[in-house]
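Here is a friendly walk through a protein chain you may not have met before. Have a look at the sequence and the structure, then read on.

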Amino acid sequence: MSKNPPTPSITADYAQRVTDDLSANRTEQERVRAELARLQDELVRLEESEQVLTKMQEVLGTTPKQTAKKGKGSKTAAVPAARRSNGKTAAGKTGTTTGRKTSKKAASPKKPGEPTWLELANAHLTAQSEPKSAAEVSAALTEAHPERTVQVTVVRNTLEQGVAQGLFERSKQGRSVFYSPVVAASTQSGS
């Protein structure tokens with residue numbers, strides 16, 4: 001009869017552990033949701049700030065008109081335009097139709113004879129001694145090519161395209177993603 005009391009005690013211990021784990025899981029979900037909401041709000045503020053700065057640049061006449069197109073289409077930065085092709089998913093967002101139209105224009109600021117984003121990103125990463133984030137690559141391309149409109153989302157998509165083609169390697173360090181050229185693939189293709 002001494003075997004009966006330990007069974008309910010063990011069951012109660014496991015039940016308490018499961019309850020504690022479930023509670024911790026739900027708390028973590030709430031924390032992540034709050035962080036996601038904060039980051040989305042921050043992104044909206046940054047996009048609005050970018051629009052104001054772009055308009056100021058346009059008024060001052062210090063940038064080509066393509067930059068203004070980028071500013072109008074920046075509201076679609078959170079979700080790529082291809083996912084909004086039906087226009088229904090972003091019905092609550094302002095400028096959805098305008099964002100869709102301008103993102104088509106902003107996606108091809110390349111003039112004939114200019115290198116593609118993939119070529120520019122590849123050249124930049126190949127010259128680097130350490131992996132770079134999409135934001136770092138975007139900043140470097142903005143500095144190196146002020147005549148072209150550089151969007152972080154376009155650069156990130158280009159880097160992911162390079163990963164898919166085997167040109168770049170993606171590595172994660174915590175929550176950050178870094179890209180570097182695939183050295184072995186480029187030397188083998190040159191042979």
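What follows is a short tour of the chain, from its overall layout to a few pairs of residues.

## The big picture

Keep in mind that this is a predicted model. The chain has seven helices and two strands. If you read along the sequence, the order comes out as α-α-α-α-α-α-β-β-α. So the two strands sit side by side in that order, with one helix after them.

Of the chain's 191 residues, 26% count as buried. The accessible surface adds up to about 13400 Å², and carbon and sulfur atoms own 55% of that. Now take the contacts between residues at least 6 apart in sequence: 48% of them join residues at least 24 apart.

## The nonpolar core

Which residues touch the most other members of the largest nonpolar core? They are L125, V137, L141, V155, L159, F168 and Y179, out of 14 residues in that core. Three elements give two or more residues each: α4 (117–126), α5 (134–144) and α6 (152–164). The largest share comes from α4, with five residues. As a general background note, nonpolar side chains tend to be buried together in soluble globular proteins.

V155 is a good residue to zoom in on. Leaving aside residues up to four places away in sequence, V155 touches A134, V137, S138, L141 and V150. V137 and L141 turn up again here, having already appeared with V155 in the list of core residues that touch the most other members.

## The hairpin and what comes after

Strand β1 covers residues 168–173 and strand β2 covers residues 176–181. The two run antiparallel and are joined by six bridges. Together β1 and β2 make a hairpin with two residues between them. In that turn, G174 has a positive phi of about 70°.

You can follow the pairing residue by residue. S171 stands opposite F178 in β2, and the bridge partner of Q173 in β2 is S176.

Helix α7 spans residues 183–190, and V183 belongs to it. Is V183 buried or exposed? V183 is exposed, because its relative accessible area is 57% and the cut-off for exposed is over 50%. The C-alpha atoms of V183 and E169 are 9.4 Å apart, while the two residues are 14 residues apart along the chain.

## Salt bridges along helix α1

How many salt bridges does a search of the whole structure find? The count is six. The general idea is that side chains of opposite charge can pair when their charged atoms come close.

One of them joins E28 and R31, whose closest N and O atoms are 2.5 Å apart. E28 and R31 are three residues apart in helix α1, so about one helical turn separates them. Both ends are partly exposed: E28 has a relative accessible area of 38%, and R31 has 45%.

R38 and E42 form another, with their closest N and O atoms 3.0 Å apart. These two also lie in helix α1, four residues apart, which is about one turn of the helix. R38 is partly exposed at 40% relative accessible area, and E42 counts as partly exposed at 30%. This pair isn't on its own, either: E35, R38 and E42 are linked in a network of salt bridges.

## A salt bridge between distant parts

R148 and E114 form a salt bridge too, with the closest N and O atoms 3.6 Å apart. This pair links distant parts of the chain, as the two residues are 34 residues apart. R148 is in the loop between α5 and α6, and E114 is in the loop between α3 (96–106) and α4. Are these two buried or exposed? R148 is buried, and E114 is buried as well.

## A nonpolar patch on the surface

Back to helix α1, which runs over residues 6–60 and includes V52. V52, L53 and M56 form a nonpolar patch on the surface. Together they have about 290 Å² of accessible area. V52 counts as partly exposed, because its relative accessibility is 48% and the cut-off for exposed is over 50%.

Note on methods. Residues numbered from 1 in each chain as written. Predicted model: local features only at pLDDT ≥ 70, side-chain atom pairs only at ≥ 80, totals over all residues. Heavy atoms only, no water. Patch = residues over 30% accessible without salt bridge, like charges linked within 9 Å, V, L, I, M, F, W, Y side chains within 5 Å. Areas by Shrake-Rupley, 256 points an atom, 1.4 Å probe, with all protein chains shown as cover. Salt bridge = Lys/Arg side-chain N within 4 Å of Asp/Glu carboxyl O. Buried < 20%, exposed > 50% of the residue type's maximum accessible area, 1.4 Å probe, protein only. Contact = heavy atoms within 4.5 Å. Pairing = 2+ DSSP bridges. Core = buried A, V, L, I, M, F, W, Y, C linked by side-chain atoms within 4.5 Å.
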